[in-house]
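Biologist: I should like to learn how to read a protein model feature by feature. May we take one example and go through it together?

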Amino acid sequence: MRFDFSRLGPDAWIRFEGDFTLAHARRARSVFDKVIGFATGRITVDLTDVAYIDSSGLATLVDASQRIRKAGGTMRLHGVHDRLMAVIDLVGLRSILAFE
């Protein structure tokens, strides 16, 4: 999995690319740690180029969303295609995560 992020004032944009799985969850969490450290507003997570996500990837997103909320910010998922949304729906996370 590859990623990049950019800061836009108090906001941030994180783009993930590839499979978001257990093998990448620790690295993804470190990206969120860095961004939460400097972004105090809206954090947009771009999943347009994520081909597959497993339960560890979803858990990482839920955890990041909760930590961002506790820090006073918000997190929105961008570019969630039908396959990813099917997995999100399957595990009942549509009402927990926010989408653009």
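Biologist: How many aromatic pairs does the structure hold?

Modeller: This is a predicted model, and the structure holds three aromatic pairs. One of them joins F16 and F20, whose ring centres are 5.0 Å apart with 40 degrees between the planes. Planes under 30 degrees apart count as stacked and those over 60 as edge-to-face, the rest being tilted, so the pair of F16 and F20 is tilted.

Biologist: Which class does the pair of F16 and F32 belong to?

Modeller: The centres of the F16 and F32 rings lie 5.8 Å apart and their planes stand at 45 degrees, so this pair is tilted. F16 belongs to strand 2 (residues 11-20) and F32 to helix 1 (residues 22-38), so the pair ties together parts that are 16 residues apart in sequence. F16, F20 and F32 form one aromatic cluster.

Biologist: Are the residues of this cluster buried or exposed, F16 for instance?

Modeller: A residue is called buried when its relative accessible area is under 20%. F16 has a value of 0% and is therefore buried. F20 is buried with 0%, and F32 is likewise buried at 0%. In the protein as a whole, buried residues make up 40% of the 100 residues.

Biologist: Where is T21 found, and what does T21 contact beyond its neighbours in sequence?

Modeller: T21 sits in the loop between strand 2 and helix 1. Its relative accessible area is 15%, so T21 is buried. With neighbours within four places in sequence left aside, T21 is in contact with Y52, D54 and S56.

Biologist: Is P10 buried, partly exposed or exposed?

Modeller: Values between 20% and 50% count as partly exposed, so P10, at 45%, is partly exposed. P10 lies in the loop between strand 1 (2-8) and strand 2. Not counting residues up to four places away in sequence, P10 touches A39, T40, G41 and R42. P10 and G41 are 31 residues apart in sequence, yet their C-alpha atoms are 5.0 Å apart in space.

Biologist: In what order do the elements of the protein run?

Modeller: One reads the elements from the N terminus on, and here they run β-β-α-β-α-β-α. The protein has three helices and four strands.

Biologist: How many bridges join strand 3 to strand 4, and do the strands run parallel or antiparallel?

Modeller: Strand 3 (residues 42-53) and strand 4 run parallel and are joined by five bridges. One pairing to look for is that of D46 with H78, its bridge partner in strand 4. Between the two strands the chain passes through helix 2 (residues 55-70), and this β-α-β crossover is right-handed.

Biologist: Which residues of strand 4 are on the covered face, and which are on the uncovered one?

Modeller: Strand 4 (residues 74-78) has M75 and L77 on its covered face. T74, R76 and H78 are on the uncovered face.

Biologist: Why does the radius of gyration agree with a compact globule?

Modeller: For 100 residues, a compact globule would have a radius of gyration near 13 Å, and the 12 Å of the protein agrees with this. Its C-alpha atoms fill a box of roughly 35 × 25 × 20 Å along the principal axes.

Biologist: What share of the contacts join residues at least 24 apart?

Modeller: Among contacts between residues at least 6 apart in sequence, 70% join residues at least 24 apart. As for the outside, the accessible surface comes to about 5400 Å², of which 53% belongs to carbon and sulfur atoms.

Terms used
Residues are numbered from 1 along each chain as its sequence is written. This is a predicted model: local features need pLDDT of at least 70, side-chain atom pairs count only at pLDDT 80 or more; totals for chains, interfaces and linings use all residues. Side-chain values use heavy atoms; hydrogens and water are left out. Buried means under 20% relative accessible area, exposed over 50%, partly exposed in between (1.4 Å probe, protein chains only). Two strands pair if DSSP finds at least two bridges between them. A crossover is right-handed if, with the strands pointing away from the viewer, the path from the first strand over the helix to the second runs clockwise. The radius of gyration is taken over C-alpha atoms; the globule rule is 2.2 Å times the number of residues to the power 0.38. Contact means heavy atoms within 4.5 Å. Accessible areas come from the Shrake-Rupley method with a 1.4 Å probe; for residues, only the protein chains shown count as cover. Rings of Phe, Tyr and Trp (its six-membered ring) pair if their centres lie within 6.5 Å; planes under 30 degrees apart count as stacked, over 60 as edge-to-face and the rest as tilted.
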